[in-house]
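The following paragraphs lead through the structure shown below, beginning with the overall fold and ending at the surface.

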Amino acid sequence: MLALFILPGIFYANSKMALEGTAHLGLPMWFHWELSIGKFIGGLILILPFFPKRIKEWAYVAFGIDFISAMIATIAVDGAAGMWYAPVICFIFLIISYVTFHRLQREKQA
């Protein structure tokens, strides 16, 4: 479910809101594109079944770093009154997805 939320983001990477958000945080535009493409690839890795478990684990790690970094950047720029909680909510969904992934893996082995 998390990947289905992340994957469509590539189609909005060039939107005015996304570009302004990157500029607002003081991030370079090359990083915006790198992150957008990386999220799309990570989302594909999570939903496509032929990727090995270890690769999926690293995709979860990358998304965790992304969401935590987004929270830190938002607090650093906008303070505690900003939208810092949005990446936290995504991080919570990431944890739920990760736990579910491992439960499904255990059920396959049983």
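The chain has five helices and zero strands, and its order along the sequence reads α-α-α-α-α. The model is a predicted one. Taken along the principal axes, the C-alpha atoms fill a box of roughly 50 × 25 × 20 Å. Of the 110 residues, 26% count as buried. The chain exposes about 7600 Å², and carbon and sulfur atoms supply 74% of that area. Contacts across the sequence can be described in a similar way: among those between residues at least 6 apart, 52% join residues at least 24 apart.

The next topic is the largest pocket. Its volume is about 1300 Å³. The lining comprises 35 residues, of which Thr22, Leu25, Leu35, Lys39 and Ala70 are the closest to the centre of the pocket. Helix 1 (2–6), helix 2 (16–24), helix 3 (29–47), helix 4 and helix 5 each supply at least two residues of this lining. The largest share, nine residues, comes from helix 4.

Charged side chains form the next step. Side chains of opposite charge can pair when their charged atoms come close. With a cut-off of 4 Å between a side-chain nitrogen of Lys or Arg and a carboxyl oxygen of Asp or Glu, the count comes to two salt bridges.

One of these pairs joins the side chains of aspartate 66 and lysine 39, with an N to O distance of 3.2 Å. Aspartate 66 lies in helix 4 and lysine 39 in helix 3, so the salt bridge ties together parts that are 27 residues apart in sequence. Helix 4 itself spans residues 53–78. How exposed or buried are the two partners, aspartate 66 and lysine 39? Aspartate 66 is buried, because its relative accessible area of 12% falls under the 20% limit. Lysine 39, at 28%, is partly exposed. Leaving aside residues up to four places away in sequence, aspartate 66 touches Leu35 and Lys39. Both of these contact residues, Leu35 and Lys39, are also among the residues closest to the centre of the largest pocket.

The other salt bridge pairs the side chains of lysine 16 and glutamate 20, at 3.9 Å from N to O. Here both residues belong to helix 2, where they are four residues apart, about one turn of the helix. Lysine 16 has a relative accessibility of 64% and therefore counts as exposed, whereas glutamate 20, with 45%, counts as partly exposed.

The last topic is the nonpolar part of the surface. Ile75, Met83, Trp84, Tyr85, Ile89, Ile92, Phe93 and Ile96 make a nonpolar surface patch of about 750 Å². Which helix gives the largest share of this nonpolar patch? Five of the patch residues come from helix 5, which runs over residues 85–109. Isoleucine 89 is found in helix 5. Its relative accessible area is 41%, and isoleucine 89 is thus partly exposed. That value satisfies the requirement for a patch residue, because patches are made of residues with over 30% relative accessible area.

In review, helix 4 gives the largest share of the pocket lining, and helix 5 gives the largest share of the nonpolar patch. Aspartate 66 of helix 4 and lysine 39 of helix 3 are linked by a salt bridge.

How values were computed. Residues are numbered from 1 along each chain as its sequence is written. This is a predicted model: local features need pLDDT of at least 70, side-chain atom pairs count only at pLDDT 80 or more; totals for chains, interfaces and linings use all residues. Side-chain values use heavy atoms; hydrogens and water are left out. Patches are made of residues with over 30% relative accessible area and no salt bridge: like charges are joined within 9 Å, nonpolar side chains (Val, Leu, Ile, Met, Phe, Trp, Tyr) within 5 Å. Accessible areas come from the Shrake-Rupley method with a 1.4 Å probe; for residues, only the protein chains shown count as cover. Buried means under 20% relative accessible area, exposed over 50%, partly exposed in between (1.4 Å probe, protein chains only). Contact means heavy atoms within 4.5 Å. On a 1 Å grid over the protein atoms alone, a cavity is a set of points where a 1.4 Å probe fits but cannot get out, and a pocket is an open set with protein on both sides within 12 Å along at least five of seven lines; lining residues have an atom within 4 Å of a point. Grid points are joined across faces, edges and corners, and a volume is the space filled by probe spheres set on the points.
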